[in-house]
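This report looks at a ligand site, a pair of helices and a contact between chains. Please keep the structure in view while reading.

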Amino acid sequence: MAAITPGRAYGFFTDTSVCIGCKACEVACKEWNELPGHEPAFGDGYDNTGSLDAQNWRRVQFIDNVPDETMSAGQGKAWLMMSDVCKHCKEASCMEVCPTGAIIRTEFDSVFIQPDVCNGCRNCIAACPYDVITQDEDKGVAQKCTLCYDRLQGDMEPACAKACPTESIQFGPVDELREAARQRVTDLHDQGVTEARLYGEDSDIYGGLNAFFLLMDEPEAYRLPNKENAKLPRRNNLGGYLGTLGTAVLGVLGGLIALRRRREPVAASQAEPEAGE
Amino acid sequence: MIMSLAQAQHFVSAPDWTWYILFYFFLAGLSGGSYVIATLFRLRGDRADEPVSRLGYYVAFVALLPCPLLLTLDLGKPLRFWHMMWNTTPGDAGLSFKYWSPMSVGVWALIIFGAFATVAFLEALVRDGKLRLPVVRLLEGALGTVVAVIGAVLGLFIAGYTGVLLAVSNQPVWSDTWALGGLFLASSLSGSAALLLLLLRYRQAALVSADKLIVSERLYSLLELVLIVLFALTLLQAGTFGIAFGFPWLLLWLVAFAGLAPGIYGLATSWLTVKGEEPAAPAHASSVATEVRTPVMTSVLLPALVLLGVLALRAAVIFSIH
Ligand code: SF4
Ligand code: SF4
């Protein structure tokens, strides 16, 4: 691959159709970023990572679609596997709400939490629609995938992409990845794999995700909000403040009514029938 | 927004805002609400209402004191609390203010409101003769009115923005409604009126204003009830009603409703008048007993219930998504 140049947008194309669930990405990420392990999470499937969090910046989701009674082979649909990661959203919910300015967009167009600026308010955790961030218990700050910021600065691709044996995780300039992804989805459709679809490669989802996916099912099946539900936190500013304003006006009015009533104890008894409304 | 029956999709994790934040919301609401009520009494009440107004300003200040501490303790890095105001990003250092992030706006509002609450507190001390501070004279005329009004607007903001802060996220329940800011504000007002009623017993001179406080509390409770209904309706539409109102949170909502009961009951039975407000009238046997009993009931137990409801309401909203 050509040299990694600042000023260009880099990201991941994660092609879930070839993921074999080996977790090499998880291991490589932990090794490079010196992330501690934690208690395995035992659920229904083969996933013992549980969720993305401060210590797990890649997580292979195992989605069990195995029917109770099998009449035929799974045809690649019985198990869906997907190596999940921070999407490095173009319009990032986490960055939008962060009050300290700790979350920045780097020269590689990735979304990066500066560990020395973050004060651990956890507003970004409330905001990220993909359940990516949590707070590191020991360091007290919010952590997530950095797109291997340090490796990029040293002209190396991120550890997970390097380790992935099936090229399910591809790293590169976002525009090139998008082209490759569109080609891939066309090829799959030509082969009759009609359920293949791209998620986040165009601006429909948070202005475009720098880490986007080829999925084999609806986005919701992978815990990714669909187009209608991928909305930024700030959508609620206007309604929230207007609701507060309306309440403030009515509240002050109520207070004034309570005070005025006492001045003319009898006269105004019928005057304000709509008091609290 | 177009009505959609499909359930809103949420895949987020919760931010672990728990006890510190609960009590911050509670106290900030009471502080802002008390300032507002105190200002209403000072500007629109009569002379006799001045003691309750000062009481309100005392409460506004004292309730606000723990707030910065609670917020700081909640941080993962408490010593970096000042990063909220000063962005330390290398090469991009400067004041930190984002009008679209309620947490950022709230920090600044809290600081400015803190200044107003402090001024009002000192002014009340001077007027009560507990402190000598000649500069306070400046606040006697129009300037005082302007200051009180701006402070009250900030108080309204402080009491309500916390709900907007929750809504500006992608959390279930919180981000599914526009009603949270109003709901917190209304419950702050009813809670503040109740708290002042509770404290009247320590300030005899303010007792004359009790009836007005009782009537305010009723109207604020009605407002709060309307907002709870709106809140519930917005959640029903988003399909997250069950998260906020399901078991065990339902129990907290029951406490919140119990806190509304005195106000709503008073409104239903006696509208804007207060029974027992003519103690001078010749009493027949039973009303003597009532008069002895009423004070404890109406001046301690019921206000305490209202306050408990205010706390329970916030707890239900905060904890149900965790
Ligand atoms: S996926 Fe979440 S953490 Fe990553 S950039 Fe988007 S909002 Fe931020
Ligand atoms: S926890 Fe850190 S990165 Fe997240 S919003 Fe707060 S200051 Fe910003």
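A residue counts as near a molecule if one of its heavy atoms lies within 4 Å of it. The model is predicted, and in it 14 residues surround ligand 1. The closest of these are A:C86, A:K87, A:C89, A:C94 and A:C128.

The make-up of this shell can be set beside that of a helix contact described below.

| Group | Nonpolar residues | Polar residues | Charged residues |
|---|---|---|---|
| Shell around ligand 1 | ten | two | two |
| Contact of α4(B) with α5(B) | 16 | three | no |

The helix contact lies in chain B, between helix α4 (residues 102-127) and helix α5 (residues 142-167). Their axes come within 9 Å and cross at roughly 150 degrees. Angles over 145 degrees count as roughly antiparallel, so α4(B) is roughly antiparallel to α5(B). The crossing of α4(B) past α5(B) is left-handed. On the α4(B) side, the residues in contact include B:P102, B:M103, B:G106 and B:F113. On the α5(B) side, B:V147, B:G151, B:F157 and B:Y161 are among them.

How many residues does each chain bring to the contact between chain B and chain A? Chain B gives 67 residues and chain A gives 70 residues. Between them, the two chains bury about 5,500 Å². Carbon and sulfur atoms carry 56% of that area. Of the area that chain B buries against chain A, 13% comes from B:Q9, B:F11 and B:N170, which is more than any other three residues supply.

Definitions and conventions. Residues are numbered from 1 along each chain as its sequence is written. Chains are lettered from A and ligands numbered from 1 in the order in which they are written. This is a predicted model: local features need pLDDT of at least 70, side-chain atom pairs count only at pLDDT 80 or more; totals for chains, interfaces and linings use all residues. Side-chain values use heavy atoms; hydrogens and water are left out. Ala, Val, Leu, Ile, Met, Phe, Trp, Tyr, Cys and Pro count as nonpolar, Asp, Glu, Lys and Arg as charged, and the others, Gly among them, as polar. Axes are lines fitted to C-alpha atoms, for helices over the stretch in contact, and angles run from 0 to 180 degrees between N-to-C directions. Helices (H or I, at least four residues) and strands (E, at least two) are DSSP runs, numbered from the N terminus. Angles under 35 degrees count as roughly parallel, over 145 as roughly antiparallel, 65 to 115 as roughly perpendicular and the rest as oblique. A crossing is left-handed if the near helix is turned anticlockwise from the far one by less than a right angle, and right-handed if clockwise. Contact means heavy atoms within 4.5 Å. Buried area is the accessible area (1.4 Å probe) that two parts lose on being put together, summed over both.
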